[in-house]
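This report describes how a bound ligand and its accompanying metal ions are held by the protein shown below. The ligand is treated before the metal sites.

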Amino acid sequence: EEAAHAGLKWKYHDPGTIEDASWKLSMLSQLDSAIDKGEVWIALQPQLDLRTGRISGAEALARWTHPEKGPIAASEFVAAAEQHDRIGKLTDFVLEKAIVAAAEINSRGHEFGVAVNLSARLLSDRQLTMRVAALLSRHGLAPKHLTLELTETTELAEGGEALAMLSRLRDLGVEISIDDYGTGLSTLNYLKKIPANEIKIDQSFVKGLCDNRSDRLMVQSTISLAHSLERRVVAEGVEERETLDTLAEMECDLAQGYIIGRPMSLESLMKRIVADSRRRVA
Ligand code: C2E
Ligand code: MG
Ligand code: MG
Ligand code: MG
């Protein structure tokens, strides 16, 4: 108790921390109403199919433009919401916007999937499968066009309730991706247990792909392993042409990163998809 008290006192006396802590709390208390007020929106970052050269999907990323503070980083408000069990409303919002966007793109004749980040703690929410199913049917999106990205966690590795929820989601026809692959546990056991369709190699391995021998080996062996387990592979954080070419040579399935496109509005993404399909026809 004394130690905890001392910790508190230390925090209290650190001006940076006290400001951070109070901002974090005020941010949390504002998040739900910010969603209602339209300050929160989604950006879509295109994913390139390395075999066909087509934009075959996008990842939906939450954005919050605060009226006074300006844009707040997703990593900041998502982490705060996760820590305080306030991630549910944000997730429902992002899911719906992402599903609507993907349904719109598909309805214009472009086969297109959308990926949404799912906090692993939501896997204990028994209503989740029902809500996902309801959103898909309400907006007319085929389940295979929705991928849920999960970051590796111990709960998942241990199995139990979270794994059962993942199986239910898969039974619905929704796809599962392991996000930030390589930074967490990444044991073979984990790969075997999680019913994932996709592995998303973390940007930290992708960045050094062309200069760093060990990153190159890591990526190449992850691709081979994933393929032998019949999982597709996405490389994230692709910033250079050379990296993109190397990934294609390595038979990586999909690439995402600034060289392909920054996270953007649905309108910009639609323009990009239309322009790309015209170019292919020409
Ligand atoms: P993530 O799921 O790993 O998303 C990829 C992050 O990398 C995004 O950051 C994206 O903008 C950034 N990125 C993409 N391409 C590049 C590149 O070429 N170079 C570099 N340096 N960065 C690139 P963002 O949007 O700031 O999101 C950060 C994290 O916040 C996400 O990481 C995800 O874990 C979380 N997040 C975002 N939106 C949501 C959400 O709706 N729900 C949940 N639970 N988490 C979310
Ligand atoms: Mg992600
Ligand atoms: Mg993530
Ligand atoms: Mg990631």
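A polar contact is taken here as a pair of N or O atoms within 3.5 Å. The structure is a predicted model, and the distances that follow are computed from its atoms.

**Ligand 1 and its polar contacts**

By this criterion, a polar side-chain atom of Asp180 makes a contact with an oxygen atom of ligand 1, at 3.1 Å. Two glutamine side chains also take part: Gln45 through a nitrogen atom of the ligand, and Gln203 through an oxygen atom of the ligand. The three pairs are set out below.

| Side chain | Atom of ligand 1 | Separation |
|---|---|---|
| Gln45 | nitrogen | 2.9 Å |
| Asp180 | oxygen | 3.1 Å |
| Gln203 | oxygen | 2.8 Å |

Taken alone, ligand 1 exposes 800 Å², of which the protein buries 83%. The space that ligand 1 takes up is the largest pocket. Four elements each give two or more residues to the shell around ligand 1: strands β2 (55-66) and β6 (175-181), and helices α3 (74-83) and α9 (203-207). The largest share, four residues, is supplied by β2.

The surroundings of ligand 1 comprise 23 residues, and those that come nearest are Arg63, Asn117, Gln203, Glu239 and Tyr258. Divided by class, the shell holds nine charged, eight nonpolar and six polar residues.

**The magnesium sites**

Which residues coordinate the magnesium ion (ligand 2)? Its donors are Glu59 (OE), Asn117 (OD1), Glu149 (OE) and Asp179 (OD), at 2.0 to 2.3 Å. Along the chain these donors follow the spacing E-x57-N-x31-E-x29-D. Within this set, Asn117 in strand β4 (residues 113-117) and Asp179 in strand β6 link distant parts of the chain, being 62 residues apart.

The protein donors of the magnesium ion (ligand 4) are Asp179 (OD), Asp180 (OD) and Glu236, the last of which is listed with two OE entries; they lie 1.9 to 2.7 Å from the ion. The spacing of these donor residues in sequence is D-D-x55-E. Asp180 thus appears both among the donors of ligand 4 and in the polar contact with ligand 1.

Asp179 also connects the metal sites. It coordinates both the magnesium ion (ligand 4) and the magnesium ion (ligand 2), which are 4.3 Å apart. Asp179 likewise coordinates both the magnesium ion (ligand 2) and the magnesium ion (ligand 3), and the distance between those two ions is 4.0 Å.

Conventions
Residues are numbered from 1 along each chain as its sequence is written. Chains are lettered from A and ligands numbered from 1 in the order in which they are written. This is a predicted model: local features need pLDDT of at least 70, side-chain atom pairs count only at pLDDT 80 or more; totals for chains, interfaces and linings use all residues. Side-chain values use heavy atoms; hydrogens and water are left out. A residue is near a molecule or strand if one of its heavy atoms lies within 4 Å of it. A polar contact is a pair of N or O atoms within 3.5 Å; within protein, one must be able to donate a hydrogen and the other to accept it, and residues adjacent in sequence count only if both atoms are side-chain atoms. Accessible areas come from the Shrake-Rupley method with a 1.4 Å probe; for residues, only the protein chains shown count as cover. On a 1 Å grid over the protein atoms alone, a cavity is a set of points where a 1.4 Å probe fits but cannot get out, and a pocket is an open set with protein on both sides within 12 Å along at least five of seven lines; lining residues have an atom within 4 Å of a point. A molecule sits in a cavity or pocket if more than half of its atoms lie within 2 Å of its grid points. Ala, Val, Leu, Ile, Met, Phe, Trp, Tyr, Cys and Pro count as nonpolar, Asp, Glu, Lys and Arg as charged, and the others, Gly among them, as polar. Donors are N, O and S atoms within 2.8 Å of the metal (3.2 Å for Na, K and Ca); water is not among the atoms, so sites may look incomplete.
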